[in-house]
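Here are a few exercises to work through with the model open beside you. Try each task before reading its solution.

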Amino acid sequence: MAEIPQSLHARLRDELRASILDARLKPGDKLPSESELQAAHGVSRITVRQALGALQAEGLIVKLHGKGAFVSHPKAAQSLNRLQGLNEALAAEARAVSNKRLAWREVRAPAAVAQKLGLSGNTTVYHLQTVRYLEREPLSVNNSWLLATLGERLSRVDFSQRDLIDVFEHEGGVAVGRADLEIGAGTARAADARLLKLETGAPVLEVERVVHDQTGTPVHVESAVYRADTFRYRLSLQR
């Protein structure tokens, strides 16, 4: 039986994949530009884009808007078996996590936030917006709303290298009890895409978290948008 010829984009995809898996291209390495790949392999731009799109779908490369395509680092993974912050979760891997604060202000609680915190519509809360970085590359955009009494205690705290849960327990005086999470797939809105160095509409992981103290009182609501090509949650289930 005659062998079916491989399409041009599949051939290019396989050549690039082999270079990544054989470590000729290492995590963080920049791939040749689309025009360079066209010239080197004698193929069209659409063929190059199909090959790169396939590699991105496999999680082997990431595309940074305006910068090109890069070999992916192994995805960061946080276990859901216990309540912990990302710094704590990745401590054993010695991966650098940092936060850049974009906003910190007292605002009237949005309706959805007030409902989750058990507040009236006119109650004020503190709004914290940060971009979280992993190895200096953007990982997530986080919007947090804190009870006003907690926010007042944390106004002078540096969040840049710390988990919020750690700050709550030490500077905030909160005995953290549990957190309720909702996790789903989404697409990046323009503002988040810009901060995460993604194209608008790129796949993202959306996480909603409500933190309660040990009496069951909700103290913190967080809405986070993660790069889907960089982060995953891990859960171990026992029957």
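**Exercise 1.** Which residues in helix 2 meet which residues in helix 3?

*Solution.* Before starting, note that this is a predicted model, in which local features need pLDDT of at least 70 and side-chain atom pairs count only at pLDDT 80 or more, while totals for chains, interfaces and linings use all residues. Residues are numbered from 1 along each chain as its sequence is written, and side-chain values use heavy atoms, with hydrogens and water left out.

Step 1: find the elements. Helices (H or I, at least four residues) and strands (E, at least two) are DSSP runs, numbered from the N terminus. Helix 2 covers residues 34-41 and helix 3 residues 45-57.

Step 2: list the contacts (heavy atoms within 4.5 Å). Glu 34, Ser 35, Leu 37 and Gln 38 of helix 2 meet Arg 45, Val 48, Arg 49 and Leu 52 of helix 3.

Step 3: sort them by class. Ala, Val, Leu, Ile, Met, Phe, Trp, Tyr, Cys and Pro count as nonpolar, Asp, Glu, Lys and Arg as charged, and the others, Gly among them, as polar. The contact of helix 2 with helix 3 thus has three nonpolar, two polar and three charged residues.

**Exercise 2.** At roughly what angle do the axes of helix 1 and helix 3 cross?

*Solution.* Step 1: take the axes, which are lines fitted to C-alpha atoms, for helices over the stretch in contact, with angles from 0 to 180 degrees between N-to-C directions. Those of helix 1 (residues 8-21) and helix 3 cross at roughly 50 degrees and come within 8 Å.

Step 2: name the arrangement. Angles under 35 degrees count as roughly parallel, over 145 as roughly antiparallel, 65 to 115 as roughly perpendicular and the rest as oblique, so helix 1 is oblique to helix 3.

Step 3: count by class. The contact of helix 1 with helix 3 has eight nonpolar, three polar and two charged residues.

**Exercise 3.** In what order do the six strands of the open sheet lie?

*Solution.* Step 1: pair the strands (at least two DSSP bridges between them). The order is 4-5-6-9-8-7, with antiparallel pairing.

Step 2: find the edges. Strand 4 (97-108) and strand 7 (176-187) each pair on one side only.

Step 3: look at one pair. Strand 5 (residues 124-134) is joined to strand 6 (residues 137-147) by 10 bridges, and Val 131 stands opposite Val 141 in strand 6.

**Exercise 4.** With which side chain does the side chain of Ser 223 make a polar contact?

*Solution.* Step 1: place Ser 223 in strand 9 (residues 218-227).

Step 2: list what Ser 223 touches. Beyond four places in sequence, its neighbours are Val 141, Asn 142, Asn 143, Trp 145, Val 207 and Glu 208.

Step 3: apply the polar contact rule: a pair of N or O atoms within 3.5 Å; within protein, one must be able to donate a hydrogen and the other to accept it, and residues adjacent in sequence count only if both atoms are side-chain atoms. The partner is the side chain of Glu 208, at 3.1 Å.
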